Amino acid sequence: MIRLTRTPSGWTVMVMSVLLSRIVVAIALLGTSMAPAAKEARAPHFTASSKPAGGLPGSEVQVAFAYEPPVINYRPADTPAAITSCEFYLDADQKSTAGCGGAAGDTTWTMAMPKSLKAGKHDVHWTIRYTLYNKPQSDPDTGAFTFEVVEPAFSAVAEPAAAHPGQPVDVRFTGEPAGLTITGCSVQGVKCGEDGGGWFARIPAPDTTSVVPWNVAYTGGPGTDDIAPGEVEIKVEPWPAPEFQVGIAGSARVAPGTPVTVQFASLTTGVDVKTCSVTYRRERTDCTGTDLATVTIPGDAGTGPVELPWELTFESSRRGEKSDRRTGSVGVTVVVEEPDFSVTVQPPSARPGDTVTLTFTSLIPGVEIVDCLAFFPHAIGNTCRRSPQRRVVRTRVPTDQPPGATLLRWGVESTDAAGRRGVDNDVIPYLILPPLLRPPLPQTGASTRATTPTSGGGPGTGTKQVATMPGPAPEFVAETRPETAAPGARVTVVVSPLDPDVRMLGCAVAFSGGGDHACRHSGDRWSAQTTVPAGAPAGETLPLAWRVSFVDPAGSRAEADGTTDYPVHGSAPAAPAFEVVADPAAAAGGKEVTVSHNSEDTGVTITGCRVGFTDNTLTSCRQSPGGWTAQVEVPPAMSAGPAPLHWTIAYARSGGAGGTAQGLSSFLVLPLDNKHDWRDTAWSLLWRTALGGVLLVGLLALRVIRKPILDRFRPHPAAVQTDERRASDDQPREETVFVVPVAAPEEMSVRVDRPDAPPARDIRLQIRRPRLVPHVPEDLP
């Protein structure tokens, strides 16, 4: 019992004693209940965490051990623990026990997995010894964790997927898993290299599809270095058949006498043409060092297609491919093209006595101009002055030529590559301006060429003829170099026969009023030098005479002579000559043609030009690599026939003043090709046939009913007059005459006996008028 006192202090002491007794009892009770818990506290042990949890055979695993002390009175005891040793074994094979890497006192120890481990998951059992409070413990701590072994995998890919024998093939390697690093490799003994795409080995493809070995060195971290072997298939395809290009170097349309070049080329890398040849008319022609074989189409070859068989042998540097031969043929077409020429005329109009320059250009490849002439009506005309660059005729308008339109006639003699001679001629409409009020220019000598042999003597004693075209007598050409010169300058004249069978014995040249200058024989040409007379008037032409002695093809010895006009220039240079050619040279209305302009004089440069079919519709030119060109449309309403182009050229001259030149260029307007739809043609045939049928039926009907109608309206004598009519039958009666209209005479046919006759000769015309044959109707009454 608890007694209480009345005193304040007594009461108080008695209450505190009761509380303290109760607290002591509670503590005693609690102490009794917790004593067994303290005895049952778990033994101290370690936990292990491994990193990484998987890897390659031979990988090193870092194992971190953590000590977990016992719990005392609901809190862990802070007991110092230190690991002194570590060992482990794999799965249930305690014989594989191995020590850990580390030092006493470390909390992290290293376990190296054996390289003999197979891929899969393995249990790693560990055993550690440790100290507590620096006192060794007799019982070790044990545990286990799982480690997954991954087998390395490599992929070898051949690039390209298929190759030809000997071609380079790249074998590229990639590996798994992630973190695997290739440190080297080789394929069939060829070491690898490394680029941005990884590791690869470049090997030549074998002759056939094969499997080749490879080795890859790799690492996945410390202790995992190893080498993995393998194989890869190299797929090999045979080489494709070599390809060759054999064709005509140039146009496949050739004229007789033209050389044809056949070009051989290999289109396959590693394959070269070794030998090649072409056969024509059973004659074989071998290639030159440039793989070209040239054969000549003879002059007697007929027109049409020609096959040229060829053969080649080749050698190959491609692995496994042997040399071989190929054969084939190429075709050409032999054509005989008629000569065609473009004529440029300067100026476009002139006055009586003025000089007109014509420049001739061959439009057919292989056709060479031999000679040419130009003349106005009732004039002798002038022939070509030959030069290495062009064929030019300078002729004068006759002083008595009336103003107005006239025709400027020209003719050209040419030869093709086969030696065939051709003749072409045409007219150009030309405008003659009224003459100026000035004294007439002195008459100059005409350009001539001798075609009739002379009996001998000095210059001027032979028989001369004006500008003739080819004739039976040998012909000669005098070529002057330069084409024009100042007074006192030296001129070289080269005289040569047109017929190669004519053999020259000598020649001489002389200006009018000067002495002869004998020719010198050098090589296959005869030439002489003479001097332009010092007093020759500038801007005029002087007669340059020449004569030649020769032996004709028949073996007869003869002489010939001739003259040519030589222009003399003074301080003012001669007007330049230009070549203006349309391509095509003939077109129908509405078509476009390309007109090219080129200077024929050295030192003269075109700075601009305009061209068109009339002076009011000129098209400006543009400069191009081939010269100055313009696109001109043929007027749709222009009539078919010759229609010269009008052109104006601005030019600059080196070392002198430039200027402007005008002229004409030949062009032919073709008739329009009216193409109709087949429906229009069918309809036209139908209605024409129907109309013809109607007319035929009408004519037949008229023929049937005409006689009855005429008999009906014709007067007849009365019946009483029958006896008188009978009596009068015995007497002669007056004859009746019917006038029958005669058809107009047919158009007269005119035939020119000699269309190629030279000027100043008589041309005989044979006019044949058809006989008038009256037509008498059958049904006269």
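These are my notebook entries on the folds, sheets and disulfides I looked up in this predicted model.

**Entry 1: overall make-up**

I began with the whole protein. I found three helices and 58 strands. Next I looked up burial. Of the 781 residues in the protein, 36% are buried. I then took the contacts between residues at least 6 apart in sequence. Of these, 62% join residues at least 24 apart. Last came the surface. The accessible area is about 46,600 Å². Carbon and sulfur atoms account for 54% of that surface.

**Entry 2: a five-stranded sheet**

I turned to an open sheet of five strands. I noted its order as E22-E28-E27-E24-E25, and its pairing is mixed. Which strands sit at the edges? They are E22 (253–254) and E25 (283–286), and each pairs on one side only.

I followed the E22 edge inward. Strand E28 covers residues 324–334. Two bridges join E22 to E28, and the two strands run parallel. I wanted a residue to look at there. Valine 254 has valine 334 in E28 as its bridge partner.

**Entry 3: a four-stranded sheet**

I moved on to an open sheet of four strands. The order is E12-E14-E18-E17, and the pairing is antiparallel. The edges are E12 (153–159) and E17 (193–195), each paired on one side only. From one strand to the next, the twist averages 35°.

I checked the E17 edge as well. How many bridges join E17 to E18? I count three, with E18 spanning residues 198–204 and the two strands running antiparallel. At this edge, aspartate 195 stands opposite glycine 198 in E18.

A reminder to myself on pairing: strands of a sheet pair through backbone hydrogen bonds, either parallel or antiparallel.

**Entry 4: disulfides, and the 86–100 pair**

I searched the whole structure for disulfides and got five. I took notes on some of them. One joins cysteine 86 to cysteine 100, with S to S at 2.2 Å. Cysteine 86 is in strand E6 (residues 81–90). Cysteine 100 is in the loop between strand E7 (93–99) and strand E8 (108–112). The two are 14 residues apart, and the pair links distant parts of the chain.

Are these cysteines buried or exposed? The cut-off for buried is under 20% relative accessible area. Cysteine 86 has 9%, so I logged cysteine 86 as buried. Cysteine 100 has 13%, so cysteine 100 is buried too.

**Entry 5: the 507–519 pair**

Another disulfide joins cysteine 507 to cysteine 519, with S to S at 1.8 Å. I looked up the handedness. The torsion about the S-S bond is about -120°, so this disulfide is left-handed. Cysteine 507 lies in strand E40 (residues 503–511). Cysteine 519 lies in the loop between strand E41 (517–518) and strand E42 (520–522), twelve residues from its partner. Cysteine 507 counts as buried because its relative accessibility is 9%. Cysteine 519 counts as buried at 12%.

**Entry 6: the 609–621 pair**

My last look was at cysteine 609 and cysteine 621, a disulfide with S to S at 2.1 Å. The link is left-handed, with -130° about the S-S bond. Why does this pair tie together parts twelve residues apart in sequence? Cysteine 609 lies in strand E49 (residues 604–612), and cysteine 621 lies in the loop between strand E50 (619–620) and strand E51 (622–624). I checked burial here as well. Cysteine 609 is buried at 7% relative accessible area. Cysteine 621 is buried at 12%.

Terms used
Residues numbered from 1 in each chain as written. Predicted model: local features only at pLDDT ≥ 70, side-chain atom pairs only at ≥ 80, totals over all residues. Heavy atoms only, no water. Pairing = 2+ DSSP bridges. Axes fitted to C-alpha atoms, helices over the stretch in contact; angles between N-to-C directions. Buried < 20%, exposed > 50% of the residue type's maximum accessible area, 1.4 Å probe, protein only. Contact = heavy atoms within 4.5 Å. Areas by Shrake-Rupley, 256 points an atom, 1.4 Å probe, with all protein chains shown as cover. Disulfide = S-S within 2.5 Å.
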